[in-house]
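Subject: Structure handover

Hello,

Here is the structure to look through, with notes on what turned up in it following below. Please keep it open while you read.

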Amino acid sequence: MRAVLTWRDKAEQCIYDLAFKPDGTQLILAAGNRLLVYDTSDGTLLQPLKGHKDTVYCVAYAKDGKRFASGSADKSVIIWTSKLEGILKYTHNDSIQCVSYNPVTHQLASCSSNDFGLWSPEQKSVSKHKSSSKITCCSWTNDGQYLALGMFNGIISIRNKNGEEKVKIERPGGSLSPIWSICWNPSREEHNDILAVADWGQKLSFYQLSGKQIGRDRSLNFDPCCISYFTKGEYILLGGSDKQVSLFTKDGVRLGTVGEQNSWVWTCKVKPDSNYVVVGCQDGTISFYQLIFSTVHGLYKDRYAYRDSMTDVIVQHLITEQKVRIKCKELVKKIAIYKNRLAIQLPEKILIYELYSDDSSDMHYRVKEKIVKKFECNLLVVCADHIILCQEKRLQCLSFSGVKEREWQMESLIRYIKVIGGPPGREGLLVGLKNGQILKIFVDNLFAIVLLKQATAVRCLDMSASRNKLAVVDENDTCLVYDIHTKELLFQEPNANSVAWNTQCEDMLCFSGGGYLNIKASTFPVHQQKLQGFVVGYNGSKIFCLHVFSMSAVEVPQAFTRVQDLRYLELINSIEERKKRGETNNDLFLADVFSYQGKFHEAAKLYKRSGHENLALDMYTDLRMFEYAKDFLGSGDPKETKMLITKQADWARNINEPKAAVEMYISAGEHVKAIEISGDHGWVDMLIDIARKLDKAEREPLLMCAHYFKKLDNPGYAAETYLKIGDLKSLVQLHVETQRWDEAFALGEKHPEFKDDIYVPYAQWLAENDRFEEAQKAFHKAGRQEEAVRVLEQLTHNAVVESRFNDAAYYYWMLSMQCLNIAQDPAQKDVMLSKFHHFQHLAELYHGYHAIHRYTEEPFSFHLPETLFNISRFLLHSLTKDTPLGISKVKTLFTLAKQSKALGAYKLARHAYNKLQGLRIPTRFQKSIELGSLTIRSKPFHDSEELVPLCYRCSTNNPLLNNLGNVCINCRQPFVFSASSYEVLHLVEFYLEEGITDEEAVSLIDLEAPRHKRENKWQEITSNNSQTLRLDETMDSMGDDDPFTAKLSFEMFHSEDYELLVLQHTCCPYCRRRIDDPSP
């Protein structure tokens, strides 16, 4: 229900009362000391009437429309004619509070503060009767026999036509709850007269004529000033201190607001026999509204549910015409019906009903579930186990317990929604949008299927019984019919407002519009007949039409009542067309007729006689009469028998008998289909039998078996199948996919051509599992040098970022080795050698910086001061250009300064502290450096001579801080450092003599030194009559298996340091090659 303002006006004074002329053309208002007469059609003020000297409190029109009366604070009552002329005036002893005309005898009752009078045109005088309290309101019963008076002391007095009191009703509130407005129900259909009472105890009550109360008091939460019924008594209007007019049912259930005002509402009435309401307010506002009651209903096949009296639901069986009423006692907002389900939305809950039985004619509903929750929705749909709420662009699917299971968001506003059936819990919904999109949604699926998209907005739509065709009515009133699969527009018809397919016949639909019902069958022309309303359903021979609020069933003309006739007509039409094309075989025509009539054996004989045995077989197979087909075929062509078995298997598959279908397919030789069904159902045993029986030449079915073995997690059987057909590549791929690396490596050893297919995925798998070093080796083994280098580069970068500088040195050393391997290619030799030297340099830097980092970050030092002193000098001399990522000059200089001071190199320490002053120093080093800078000034300005490095080529003492770097300042000989203590080693560069080639020099260097046996270690020497024993210390004390004699890296160590480090780490401290690794 919604209220639409028709017109509004403003008077200067308060509007205390109003009355309609019985024909509804005029409106009389009491405003100030005048009466205002309005034209109800447009709100024009026709004439003000002056006759009273004080405020007019009440006005009433006689039922015959000949006269009306007004009562005023001037104690007078004036009788006016319909021509707006005053004809009579009489007075009371006090101000007039209310007036009312008897609806039958036209007797006027006028009530003042202390009495009431009864006057009729036949009487010469007014008969007056005293009252015990101020009378505030009065009302006649619809038969004119009794007058009810509402009083200020909370009493209701019911009088007869002579003014004699018959019933006295005392309200519990007494004088604290003055009766302010009363009204008898005008309906003649009610068995009893019912009086509606509104008091200032903020209660609404109902009474019978006998004085017995009906039901309980209804709390209003405001002071009511006026109450009135609709003409037929179905609704009540109530206004007052809440500054609005509310609509109630005749039983007192609030339905909604008619119109909100800016001040108290003193009077409100309904225009006779209409849905127009007028409201008069304290501030003089007159508002005229039209109430629009929307149709709330639902239809599914032959059951139609609709709202009645706003709070009831009537379910009508359109075939049997049975009806059942469900009283909800609240405003019914939405209704949905589907099969044996009925959903009713009330303001604060949704009720779900179900039928008592599965009987198609059963009309007894019971409550199945209650969802006690307030929902705002435009459309409501119910399914077997769910309700669907439509909210603008959104659809929500809720279980009957109120739990939201899923939600769909549309691109545009939803204009139409319909359930198109389906299994319980998996129903399909047809949805039409404003942007022209039409979708199909399954309630158990989150994804909507777009059926088609048209240019115009959807107004109504329906799907044919076989789900092959879609009929749409758009916003231009055009009915369009599409083929769902091809999206082709089959035909369109104008002047349509709704459309429905026949639920029993695929090719019949009807649509309404322009005052006509249109029926279209197949490709035949449209049949028209006059009809008012909308088509909402088409079932068999009945078309269901909704006109205003009533549903009716229209019988389809005889030509369409039998669905079979349409098919017969098409058959006759087809035979005629074939005759026109020159076909003359009457046996064939007669066979078609027999098959249509269900005489299949006769049809088969005629097909055979006409030489069309294939048509007989097609007929039997289409009808699933396979036994008859076999009998008809006899011991004929084996190909035909195979075809028949295949068709029978297809049928078994379609009716969900997969095991039988598999056996039939195998016997028919259709292995691919048998494998497909077995695989889809997960029958591994069946697949094994098929795979082992198949010949290895039948690659396609065997490959399909292997595919399903893999899918069903049976790699062993898949491997067996691949071996059977000799598909080694697929076997390798299988091992890789299932991560059976040992089998893959064994296969790779036997077939080197698959090495790349094995090691590359293996390396990728290792990398994914954070085993990067192994991954790098696997890439290298697979010959993928670029990937191997890329993995190493990433590893080095990560190690530097994570401050694992020892690892970074190792990875850079590995990178240099990779470059050295690649340099064997002449095309890349120069570039790779350059990279080799660069990576070797970085490896040396990070290897040294590892000690510096540990010294500055960890609480305990693992190196001697001399070692840290040498390392920091080595790094500073090496960092002449760019500083690599992660290496800190601050930490290096800080270490150098502290160790120089500790070892007596004060000049160098002072230089280091001075250098630090120009760098950005971390907060945690700030105090230590400032203190060191101050204390170093107290030391002598020279370095200890013991620390000065010596060049072992030219014997020159070099400064501790060398601007040339790690070379001699005199002879430019590069220093060779120990990779553990970073002392300068006693190694000198030499040049080969003429005649010795580089190759000979390398081979001489690689030769092992001659070894002597232990027993020859002591030698006996005799000379000059004396004998002496001499210990020969030139012998090598290392055994052949000594691990320290192996050439492990390009770095140099003191032998004692190296042996200790190898024992600690069980590998080379630089290249990490294990001591038990025999490879060179």
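Cys397 is buried, with a relative accessible area of 0%. This is a predicted model, and the values here are computed from it. Does the sulfur of Cys397 lie close enough to another cysteine sulfur for a bond, or too far? The closest cysteine sulfur belongs to Cys383, and at 7.1 Å it is too far away for a bond. A disulfide needs two cysteine sulfur atoms within 2.5 Å. By that rule the number of disulfides is zero. Cys137 is likewise in no disulfide, and its nearest cysteine sulfur, in Cys98, is 6.3 Å away. Cys137 has a relative accessibility of 6%, so it counts as buried.

Next, a sheet. Four strands form an open sheet in the order E33-E34-E35-E36, and their pairing is antiparallel. Which strands are at the edges? They are E33, at residues 334-338, and E36, at residues 365-371, and each of them pairs on one side only. From one strand to the next, the twist averages 20°.

Strand E34 covers residues 341-346 and is joined to E35 by six bridges, with the two running antiparallel. E34 and E35 make a hairpin, and two residues lie between them. If you want a place to look, find Leu346, which stands opposite Lys349 in E35.

Strand E35 covers residues 349-355, and its pairing with E36 is also antiparallel, over six bridges. Two positions show this pairing: Ile350 stands opposite Ile371 in E36, and Tyr353 has Val367 of E36 as its bridge partner. Is E35 largely enclosed or largely open? Six of its seven residues are buried, so E35 is largely enclosed by the rest of the structure.

Strand E36 runs over residues 365-371, and Arg366 has a contact worth viewing. The charged end of Arg366 sits over the ring of Tyr356, 4.8 Å from the ring centre. A second case of a charge over a ring involves Lys520, which lies over the face of Phe491 at 4.7 Å from the ring centre.

On to the aromatic rings. How many aromatic pairs does a search of the whole structure find? The search gives 22. A pair of aromatic rings is described by the distance of the centres and the angle of the planes. One aromatic cluster is formed by Tyr16, Tyr57, Phe152, Trp180, Trp200, Trp264 and Trp266.

There is also a record to compare with the model. UniProt, in an unreviewed entry, lists residues 49-80 as "repeat: WD". In the model, residues 49-80 are 59% strand and 0% helix. The C-alpha atoms at the two ends of this span lie 10 Å apart.

Last, a helix. Tyr708 is in helix H11, which spans residues 699-711. Is Tyr708 buried or exposed? Its relative accessible area is 8%, so Tyr708 is buried. Glu676 is 32 residues away from Tyr708 along the chain, and the C-alpha atoms of the two are separated by 8.4 Å.

Regards

Methods
Residues are numbered from 1 along each chain as its sequence is written. This is a predicted model: local features need pLDDT of at least 70, side-chain atom pairs count only at pLDDT 80 or more; totals for chains, interfaces and linings use all residues. Side-chain values use heavy atoms; hydrogens and water are left out. Two strands pair if DSSP finds at least two bridges between them. Axes are lines fitted to C-alpha atoms, for helices over the stretch in contact, and angles run from 0 to 180 degrees between N-to-C directions. Buried means under 20% relative accessible area, exposed over 50%, partly exposed in between (1.4 Å probe, protein chains only). UniProt positions are given in the numbering used here, feature names are shortened, and annotations may be inferred rather than shown by experiment. Rings of Phe, Tyr and Trp (its six-membered ring) pair if their centres lie within 6.5 Å; planes under 30 degrees apart count as stacked, over 60 as edge-to-face and the rest as tilted. A charge sits over a ring if NZ of Lys or CZ of Arg is within 6 Å of the ring centre and within 35 degrees of the ring normal.
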